[in-house]
Amino acid sequence: MTTGFRMALAGAGALMLLAGPVVAQQAPMGFFITSVPLEGGNLGGLAGADRHCQALAAAAGAGNRTWRAYLSTQGAGAVNARDRIGSGPWANARGVIIAASVAELHGTNNLTKQTALTETGAVVNGRGDTPNQHDILTGSQPDGTAFSGDADRTCGNWTKGGEGSAMVG
């Protein structure tokens, strides 16, 4: 696979510290689309993709959280992207809530061209823009789960750069 790789990300683990009463403040960033795509599908597996996300978040001043790439894997020990990202809520770099829960993220959410921003707060070029960079590889079904079967939809679980294929979306 030789196309650029862009991934959606969400903070996970102990990062969800939004308990108790909600105060009218800007929500901390918990979601972004990478501003620096990786070439091809060899990301060094999930760990390599996570390192890339963590480095971009740190450069944007949000490295104090644990960041995980929104990616699924296939085969024995398959990993669902939705299980890697915590329970929400997720806000973009401008503090706009994208989704309040996993169910909302995979259902009726606030993901639009104007809200699906990079870690720097930039809009990602889409249809009609030059260059068009909106495709996001996830290796996931619309509900955030991994694909079953023999068809490779994750570039060899994110370890193949010259062959294989990956699911967009």
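This is a tour of a predicted model, stop by stop, with a selection to make at each one.

**Stop 1: helix α1**

Select residues 45-59, which form helix α1. The helix has 15 residues, and at 1.5 Å a residue these should span 21 Å; the end C-alpha atoms are 22 Å apart, so the expected and modelled lengths agree. Now colour the buried positions of α1: G45, L46, G48, A49, D50, H52, C53, L56 and A57. Just past the helix, pick G61, where phi is positive at about 85°.

**Stop 2: the salt bridge that starts in α1**

Keep D50 selected and add R84. These two residues form a salt bridge, with the closest N and O atoms 2.5 Å apart. The pair links distant parts of the chain, since D50 sits in helix α1 and R84 in the loop between β5 and β6, 34 residues apart. Are R84 and D50 buried or exposed? R84 is buried, and D50 is buried too. As background, side chains of opposite charge can pair when their charged atoms come close.

**Stop 3: the other salt bridge**

The whole structure holds 2 salt bridges. For the one not yet visited, select D129 and K113, whose side chains meet at 2.5 Å, N to O. Both residues lie in the loop between α2 and α3, so this pair ties together parts that are 16 residues apart in sequence. D129 counts as partly exposed because its relative accessibility is 26%. K113 is also partly exposed, at 35% relative accessible area.

**Stop 4: the nonpolar cores**

Select F32, W67, L71 and W158. They have the most contacts inside the largest nonpolar core, a set of 15 residues. The elements giving two or more residues to this core are α1, β5 and α3. Of these, α1 gives the most, with 5 residues. A second, separate core has 13 residues, among them I85, A99, V124 and I136. In soluble globular proteins, nonpolar side chains tend to be buried together.

**Stop 5: E119**

Move to E119, in the loop between α2 (102-105) and α3 (155-158). With a relative accessible area of 6%, E119 is buried, because buried means under 20%. Show its side chain together with that of S35: a polar contact of 2.4 Å joins the two. Then display the surroundings of E119. Leaving aside neighbours within four places in sequence, E119 is in contact with M29, F32, I33, T34, S35, L56, A60 and A93. Two of these names have come up before: L56 is a buried residue of α1, and F32 is one of the best-connected members of the largest core.

**Stop 6: Q74**

Q74 lies in the loop between β5 (67-69) and β6 (90-91). Q74 is buried, with a relative accessible area of 9%. Which groups does the side chain of Q74 reach? One of its polar atoms lies 3.0 Å from the backbone oxygen of A151, and the side chain reaches the backbone nitrogen of T154 at 3.4 Å. Beyond four places in sequence, Q74 touches F147, S148, G149, A151, D152, R153, T154 and N157. Measure across to A146 as well: the two C-alpha atoms are separated by 6.1 Å, although the residues are 72 apart along the chain.

**Stop 7: two cysteines**

Finish with C53 and C155. C53 is buried, at 0% relative accessible area, and C155 is buried at 0% too. How many disulfides does the model contain? The count is 0.

Notes: Residues are numbered from 1 along each chain as its sequence is written. This is a predicted model: local features need pLDDT of at least 70, side-chain atom pairs count only at pLDDT 80 or more; totals for chains, interfaces and linings use all residues. Side-chain values use heavy atoms; hydrogens and water are left out. Helices (H or I, at least four residues) and strands (E, at least two) are DSSP runs, numbered from the N terminus. Buried means under 20% relative accessible area, exposed over 50%, partly exposed in between (1.4 Å probe, protein chains only). Contact means heavy atoms within 4.5 Å. A polar contact is a pair of N or O atoms within 3.5 Å; within protein, one must be able to donate a hydrogen and the other to accept it, and residues adjacent in sequence count only if both atoms are side-chain atoms. The expected span of a helix is 1.5 Å times one less than its number of residues. A nonpolar core is a set of buried Ala, Val, Leu, Ile, Met, Phe, Trp, Tyr and Cys residues joined through side-chain atoms within 4.5 Å. A disulfide is a pair of cysteine sulfur atoms within 2.5 Å. A salt bridge is a side-chain nitrogen of Lys or Arg within 4 Å of a carboxyl oxygen of Asp or Glu.
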